[in-house]
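Work through the following exercises with the model open beside you, and try each task before reading its solution.

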Amino acid sequence: MYGAEIAHPDIPWGIDAQELLYLRHLAGMDALEVLRTATSKAGLHVNQALLGSLMPGAPADLIAVRGDPTENLKLLEYPDLVISGGKLVVDRFSDAH
């Protein structure tokens, strides 16, 4: 199970991709399974089925990246969009022309 520490000084809003890469390598998972393990499956393990899902009422923040994180997990470290607590925190998509 994956858990994020909010106080990462080097990764203020993203996911520590190095931890995901270790999980992928050590557990022999594909990238999509690693992402599920770090999100919705983690929620199930702590008895919060909505945690880590994109469903109405889910108690989770949202990030988005340019590109395919299943091809490059490092994209998750510095997301292009962050919504936290229902508020827009980072929006690099609006800056794109």
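**Exercise 1. Determine how β2 and β3 pair, and place them in their sheet.**

Solution. β2 and β3 run antiparallel and are joined by four bridges, where strands count as paired if DSSP finds at least two bridges between them. Within this pairing, Ile83 faces Leu88 of β3. The hairpin that β2 and β3 form has two residues between its strands, and there Gly85 adopts a positive phi near 60 degrees.

Before going further, note that the model is predicted, with local features requiring pLDDT of at least 70 and side-chain atom pairs counting only at pLDDT 80 or more, while totals for chains, interfaces and linings use all residues. Residues are numbered from 1 along each chain as its sequence is written, and side-chain values use heavy atoms, leaving out hydrogens and water.

On its other flank, β2 (residues 81-84) is joined to β1 by three bridges, again in the antiparallel sense. Here Ile63 lies opposite Val82, and Ala64 has Leu81 as its bridge partner. The result is an open, antiparallel sheet of three strands in the order β1-β2-β3. Since β1 (62-64) and β3 (87-91) each have a single partner strand, they stand at the edges, and one side of each is therefore left without a neighbour in the sheet.

**Exercise 2. State the pattern of helices and strands along the protein chain.**

Solution. Helices (H or I, at least four residues) and strands (E, at least two) are taken as DSSP runs and numbered from the N terminus. On that basis the protein chain has three helices and three strands, which follow one another as α-α-α-β-β-β. Of its 97 residues, 26% count as buried, where buried means under 20% relative accessible area, exposed means over 50%, and partly exposed lies in between (1.4 Å probe, protein chains only).

**Exercise 3. Describe the surroundings of Asp16, which is buried yet has no salt bridge.**

Solution. Begin with position: Asp16 belongs to the segment before α1 (17-27). Next, look for a polar partner: Asp16 caps the N-terminal end of α1, with a side-chain oxygen 3.1 Å from the backbone nitrogen of Gln18. Finally, look for an opposite charge: the nearest such side chain is that of Lys74, 6.0 Å away, whereas a salt bridge needs a side-chain nitrogen of Lys or Arg within 4 Å of a carboxyl oxygen of Asp or Glu. Lys74 does form a salt bridge with Glu77 (3.3 Å, N to O); in that pair Glu77 is buried at 10% relative accessible area, while Lys74 is partly exposed at 39%.

**Exercise 4. Trace the network of salt bridges that includes Glu33.**

Solution. The count of salt bridges comes to four, and the network links Glu33, Arg36 and Lys41. Take Arg36 to begin with: its side chain meets that of Glu33 at 3.9 Å, N to O. Because Arg36 and Glu33 are three residues apart in helix α2 (residues 31-38), about one helical turn separates them. As a general point, an α-helix has 3.6 residues a turn, so residues three or four places apart point the same way. The other link joins Lys41 and Glu33, at 2.3 Å, N to O. As for accessibility, Glu33 is partly exposed at 22%, Lys41 is partly exposed at 34%, and Arg36 is partly exposed at 40%.

Definitions and conventions:
Lys, Arg positive; Asp, Glu negative; His and termini not counted. Polar contact = N/O pair within 3.5 Å; in protein donor to acceptor, adjacent residues only side chain to side chain.
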